[in-house]
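Biologist: Please take me through this model, beginning with how its parts are delimited and then turning to how they meet.

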There are 2 protein chains.
Amino acid sequence: MVDVAVIGIGQTRVEEHWDKSLRELAGDAVLMAMHDAQVDHVDSIYIGNMMSGVANAQVQLGSLIADWVGQRFTDAVKIESACSSGAAAFRAGYIGVASGEVDVALVVGVEKMTDSPSNEITAALATAADGDWEVDQGVSFVALNALIMQRYMYEYGWKGIDFANFSINAHANAVHNPFARFRKPIDEKRFIQSPMICDPINLMDASPIGDGAAAAVLIRADRLPKSAPKILVAASSAATDSISIHNRRSPLWLAAAERSARQAYAQAGIETEDIDVFEYHDAFTIMAALSLEACGFAAAGRGPVLAKEGAIRIGGKIPVATRGGLKARGHPVGATGMYQIVEVVQQLRSEAGETQISGCEFGMAQSIGGSGSNIVTHIFKRDN
Amino acid sequence: MVDVAVIGIGQTRVEEHWDKSLRELAGDAVLMAMHDAQVDHVDSIYIGNMMSGVANAQVQLGSLIADWVGQRFTDAVKIESACSSGAAAFRAGYIGVASGEVDVALVVGVEKMTDSPSNEITAALATAADGDWEVDQGVSFVALNALIMQRYMYEYGWKGIDFANFSINAHANAVHNPFARFRKPIDEKRFIQSPMICDPINLMDASPIGDGAAAAVLIRADRLPKSAPKILVAASSAATDSISIHNRRSPLWLAAAERSARQAYAQAGIETEDIDVFEYHDAFTIMAALSLEACGFAAAGRGPVLAKEGAIRIGGKIPVATRGGLKARGHPVGATGMYQIVEVVQQLRSEAGETQISGCEFGMAQSIGGSGSNIVTHIFKRDN
């Protein structure tokens, strides 16, 4: 295995892109990343996408996008693991380069969700849960998360308002990110007054869907030009859990996230405390809390403390959602994992503007597929 | 890159599996492959599947299947490239093991198509074509192949009957394969009398869909037990072309198949003539002809000659579809690439019974995604 570096990044704004097709969205992010990397050719392409077959009546995104971005004939496939598809695609690209099979890999996460009626998208999102044992009972994806949150509040004594700062922090950071879907700050009053979606999840607990694409170019670290910032993939790790919540040892502990994070720390040779920035998967505030706990930043049931005490803010102990997170940058599901990675790279390159973490050496991105069933963790390191 | 060996294979019969869910189908093939390999643990799982989001309202097959086959917590993702998804998943597993990242990889291709109304499956199959520029014009997937076949007949002077032996050969071989969907021989009369589906493609030119799963276990060759047959992955190569036919230099030449095959021959260090058995992608007889040409077994426009002269039969110059091919074993789209690979391994292990090729050293499997836009080629070698 050779060392792998990220040499280029690109992204579109997350929003309702009525004027762009799926391939155009992907192409915009890809061409930005290739321009950033100063490459005009790649050896292999990995597409992260969850629902184009349903939402866009289009599969085989590998061929579709390879040709569109001027890379016809290139080996290109789609990788899917529900909402962690983008991160899983990045992991496939990482292994391709690390193996020596591929010199230059292109990874792009893309999702176009707003062309479809919302009931179709609600159904499509539910395909990430267990069709035979969860969805067939009438449970939607937000309902599954509501069940987890309800139980969490019951077990640990939290109230809905205790989750407010996860969202307030995300929105505060998104104000400074031109690629974020919602760039308006929110306060506690706005959080309290927001409509209930699925008790106890209110509108401000939930991340918005959207259209978007984010991309990165990977190369062997030993071929990195000397002038380029040396952003290395210090760790790549994935783990699964039962797709259905009722089959897990505990519905309140993301065992696969814990395993994936621990493996990543070991591979990078660091501890939890060494992480300077953490782009976590705050699809719902309950997932934000559970992620922080599974990754070792808080004990079980104590995730909300980090939000309440400000530890998750820029300048805090463990800044999260520094570019807005899923909550405010937006959650184009199969693209999200790549947005998180692009944002960590921005931090390590000191390109995060007003939300820059100072002295950023190690950054982590963790994506959650389903309600905690397919977790992909990457750690990046700035090495010069 | 380390050498990679196939240590276990498994498959279900291709048919209408009304009594099995998607995960059960996959599980049956996986457990057969793991039993065959004598392993009870794998490090990474790769699922080949095209349309479960549409046909089964289920994505995230990685977690779903990992847990079902007793491998909870294992890294597991789905790979998709339309009808070559199974082969693309195998390629991802190959790279995982070859890189040294994974010691034991499990690959399974699975598709469950017969639970859905046929118009929905027709629409789902069309998602493999260009949604914006082909399908939006009302063209179905079979119609695209019919356009190619019509042009091929016009350019090279063939008639429909000249394609009959592709199907007759496939059915003759399927008689001896207990996992094949159709185990009845057909003759020229049956071919001629079969109903027209989309002129000039008749029912016997077209492969049937079906439900099925096929699996393989891969390990580093240096960890292969001495008693096991040494079936090595001699080459793995993939290439894409424009997803839409009208954008290609020629609609009658599978440029990506040629590129993928040539790269594979080079990697294996062999020539076309060294291939002893070829499991090709005979989704339609026109694709059988074009594959043979692109891979160097016949000149452009001369593919049907191989069928007419019997070169494709067991004992012929280049035996194809030796277990029935897509035409008679059946074509559960995302699983098909893995069926082809399992069948080549059967040949190299001398386990192909009445359709065994004698002295089989090199076997090739080539899968075609879309109408020629995503091609994955593998060459296997028996080394003891």
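Modeller: Domain bounds come from an automatic or database domain assignment. Please note also that the model is predicted.

Biologist: Which segments make up domain 2 of chain A?

Modeller: The assignment divides chain A into two domains, each written as two segments. Domain 1 takes 4-117 and 210-223. Domain 2 of chain A consists of 126-208 + 233-382.

Biologist: Which element gives the largest share of the side of domain 1 of chain A that touches domain 2 of chain A?

Modeller: The C-alpha centres of the two domains of chain A are 22 Å apart, and 36 residues of domain 1 are in contact with 34 residues of domain 2. On the domain 1 side, the elements that give two or more residues are strand E1 (4-11), helix H4 (85-99), strand E4 (104-111) and strand E7 (212-220) of chain A. The largest share, seven residues, comes from H4(A).

Biologist: How many residues on that side of domain 1 of chain A are nonpolar?

Modeller: Contact here requires C-beta atoms within 7 Å. The domain 1 residues that touch domain 2 in chain A include eleven polar and five charged ones. The nonpolar residues number 20.

Biologist: What relation do chain A and chain B show?

Modeller: Chain B superposes on chain A by a rotation of 180° with 0.0 Å of shift along the axis, at an RMSD of 0.0 Å. The relation is therefore that of a two-fold axis.

Biologist: Which residue of chain B comes closest to the rotation axis?

Modeller: The same surface serves both copies, as 100% of the contact residues of chain B recur in chain A. By C-alpha position, at 2.0 Å from the axis, the closest residue of chain B is Ser99(B).

Key. Residues numbered from 1 in each chain as written. Chains lettered and ligands numbered in written order. Predicted model: local features only at pLDDT ≥ 70, side-chain atom pairs only at ≥ 80, totals over all residues. Least-squares fit on C-alpha atoms with pLDDT ≥ 70 in both. Contact = placed C-beta atoms within 7 Å. Helix = DSSP H or I, 4+ residues; strand = E, 2+ residues; numbered from the N terminus. Nonpolar A, V, L, I, M, F, W, Y, C, P; charged D, E, K, R; others polar.
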